[in-house]
Amino acid sequence: VAVINYHFFYDASKGESCDETICMEVNDFREELQWLKDNGYKTLTMKEFVDWMYGEIDLPQKSVLITIDDGNFGTSINNGNHLIPALEEYKTYATIFIVSGWYASYEYPSDYLDVQSHTHKLHVEGKNCKYRSKVNCVSYDELLNDLKMSIASVDNANSFCFPYYEYTDTSIKAVKDAGFKLAFVGDWRKASRNDNKYKIPRYPIY
């Protein structure tokens, strides 16, 4: 299954712009959703993807999981609101990984959007550490505590997304011990049931 990874959305027709490589013009995003619909793809809920990864269900060959990271710039009803109307127009399911200490799950009200964890407050760059992500710079106990707060905030432990796609053996252990069933990284290939459930690959869209 291809797992696609988006981040931010803007509407050029309204004079909006974005100078980051991870931004997508919302009408280009709509074209991609239309392409999936025209070509008969099933867009998955996170529960369906989890159940498939654990061998509990089978999926059509044309299945795709759409993920969005962070919860910023055009993804919520409070920061531009481009994502939700597009998903609802095309009846397309997606999962958004939010930094739950910065954003609240009620800001993403849609039956087509699963809200999952992207840490509580640790999606920042580490200092005096060889890793970019602070997730891999703090102690196991500090990370575990942050993950538990995030789970409580989003009220879901189906999946976690590593900030900056970085992980270590320690951070993977904390994610497992917190109770998450899956975790996502980058890697530019399709996900397989044979993959490590805490290193699931995705295609980042730039």
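The lining of the largest pocket in this predicted model divides into 11 nonpolar, 5 polar and 3 charged residues. This pocket has a volume of about 330 Å³. Of the 19 residues that line the largest pocket, His 7, Ile 22, Asp 70, His 123 and Tyr 164 lie nearest its centre.

The second largest pocket has a volume of about 200 Å³. Its lining consists of Val 1, Ala 2, Ile 4, Trp 35, Leu 36, Tyr 41, Pro 60, Gln 61, Ser 63, Val 64 and Lys 190. Two or more of these lining residues come from each of the elements S1, H1 and S5. Sorted by class, the lining of the second largest pocket has 8 nonpolar, 2 polar and 1 charged residues.

Attention now turns to the interior. The largest nonpolar core has 25 residues, and those touching the most other members are Tyr 6, Phe 29, Ile 68, Leu 83, Leu 87, Ile 96 and Leu 113. At least two residues of this core are supplied by each of strand S1 (2-6), helix H1 (26-38), strand S5 (63-70), helix H3 (83-90), strand S6 (94-98) and strand S7 (113-117). The element that gives the most to this core is H3, with 5 residues. Ile 96 offers a handy view of the surroundings of one core member: leaving aside neighbours within four places in sequence, Ile 96 is in contact with Ile 68, Gly 71, Thr 75, Leu 83, Tyr 108, Leu 113, Asp 114, Val 115 and Gln 116. A second, separate core is made up of 17 residues, including Leu 143, Phe 160, Ile 172 and Tyr 198.

Helix H3 deserves a closer look. Its buried residues are Leu 83, Ile 84, Ala 86, Leu 87 and Tyr 90. Because these residues cover an arc of only 165 degrees around the axis, they sit on the same side of H3. The cover over the buried residues of H3 includes strand S2 (8-10), H1, S5, S6 and S7. Just after H3, Lys 91 takes a positive phi of about 50 degrees.

Two further residues may be followed one at a time. Cys 161 lies in strand S8, which spans residues 159-161. Its relative accessibility is 0%, so Cys 161 counts as buried, the cut-off for that label being under 20%. Setting aside neighbours within four places in sequence, Cys 161 is in contact with Asp 69, Phe 97, Ser 117, His 118, Phe 184 and Arg 202. One of these partners, Ser 117, is 44 residues from Cys 161 in sequence, while their C-alpha atoms are 6.5 Å apart in space.

Val 99, in turn, is placed in the loop between S6 and S7. This loop residue counts as buried because its relative accessibility is 0%. Not counting residues up to four places away in sequence, Val 99 touches Asp 70, His 118, Thr 119, His 120, Lys 121 and His 123. Among these partners, Asp 70 and His 123 also belong to the residues that lie nearest the centre of the largest pocket. Between Val 99 and Glu 20 the separation is 79 residues in sequence and 19 Å in space, C-alpha to C-alpha.

Notes
Residues are numbered from 1 along each chain as its sequence is written. This is a predicted model: local features need pLDDT of at least 70, side-chain atom pairs count only at pLDDT 80 or more; totals for chains, interfaces and linings use all residues. Side-chain values use heavy atoms; hydrogens and water are left out. A nonpolar core is a set of buried Ala, Val, Leu, Ile, Met, Phe, Trp, Tyr and Cys residues joined through side-chain atoms within 4.5 Å. Buried means under 20% relative accessible area, exposed over 50%, partly exposed in between (1.4 Å probe, protein chains only). Helices (H or I, at least four residues) and strands (E, at least two) are DSSP runs, numbered from the N terminus. Contact means heavy atoms within 4.5 Å. On a 1 Å grid over the protein atoms alone, a cavity is a set of points where a 1.4 Å probe fits but cannot get out, and a pocket is an open set with protein on both sides within 12 Å along at least five of seven lines; lining residues have an atom within 4 Å of a point. Grid points are joined across faces, edges and corners, and a volume is the space filled by probe spheres set on the points. Ala, Val, Leu, Ile, Met, Phe, Trp, Tyr, Cys and Pro count as nonpolar, Asp, Glu, Lys and Arg as charged, and the others, Gly among them, as polar. The arc is that of the directions from the helix axis to the C-beta atoms.
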